[in-house]
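Student: I've got a model open and a list of labels I don't quite trust. Can we go through them one by one?

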Amino acid sequence: MSSLCQDEKKDLIVRLRRIEGQVRGLQRMIEEAQYCVDVLTQVVAVRGALKKVGLNVLDNHTHGCVQKVIKCENEEDNQIVIAELMGVLAKFAD
């Protein structure tokens, strides 16, 4: 994640702390036996928030790390970084 600037890092940390609070809220909802639909709604919200963090990191990786390697025009390195990116995308899509 060396391509992230300080502002981007701060933003991601703030988002992750907010998500952490949402997860603690989910735990509390379960402990208090709250209505299942309300719990599931919060699960969806947490998943959406995590997806946004992942997309942000993926965007930074693509426009930073991947772009740097491709600019070097080393065919072997290009193939490696593209294969790695495609592997990450496949995992992210699940």
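Tutor: Sure, starting with a term: a polar contact is a pair of N or O atoms within 3.5 Å; within protein, one must be able to donate a hydrogen and the other to accept it, and residues adjacent in sequence count only if both atoms are side-chain atoms. Helices are DSSP runs (H or I, at least four residues), numbered from the N terminus. Keep in mind that this is a predicted model, where local features need pLDDT of at least 70 and side-chain atom pairs count only at pLDDT 80 or more, while totals for chains, interfaces and linings use all residues. Residues are numbered from 1 along each chain as its sequence is written, and side-chain values use heavy atoms, with hydrogens and water left out.

Student: What does a side-chain oxygen of N74 reach at the start of α3?

Tutor: The backbone nitrogen of E76, to within 3.0 Å. That falls inside the 3.5 Å limit for a polar contact.

Student: Why is N60 called buried?

Tutor: Buried means under 20% relative accessible area, exposed over 50%, and partly exposed in between (1.4 Å probe, protein chains only). N60 has 11%, so it counts as buried. N60 sits in helix α2, residues 36-71, and its side chain makes a polar contact of 3.0 Å with that of N56.

Student: What makes C36 and C72 exposed?

Tutor: C36 has 57% relative accessibility and C72 has 60%, so each passes the 50% mark.

Student: How do you know that C72 has no disulfide?

Tutor: A disulfide is a pair of cysteine sulfur atoms within 2.5 Å. The closest cysteine sulfur to that of C72 is in C65, 12 Å away, so it's too far for a bond. Searching the whole structure turns up zero disulfides.

Student: How do you know that α3 has close to its expected span?

Tutor: The expected span is 1.5 Å times one less than the number of residues. Helix α3 (residues 75-93) has 19 residues and reaches 27 Å from its first C-alpha to its last, close to the 27 Å expected.

Student: Which residues of α3 are buried, and why are they said to share a side?

Tutor: N78, V81 and L85 are buried. They cover an arc of only 75° around the axis (taken from the directions from the helix axis to the C-beta atoms), so they lie on the same side of α3. In general, an α-helix has 3.6 residues a turn, so residues three or four places apart point the same way. What covers the buried residues of α3 includes α2, while the face turned away carries the exposed residues E75, E76, I80 and K91.

How values were computed. Helices (H or I, at least four residues) and strands (E, at least two) are DSSP runs, numbered from the N terminus. Contact means heavy atoms within 4.5 Å.
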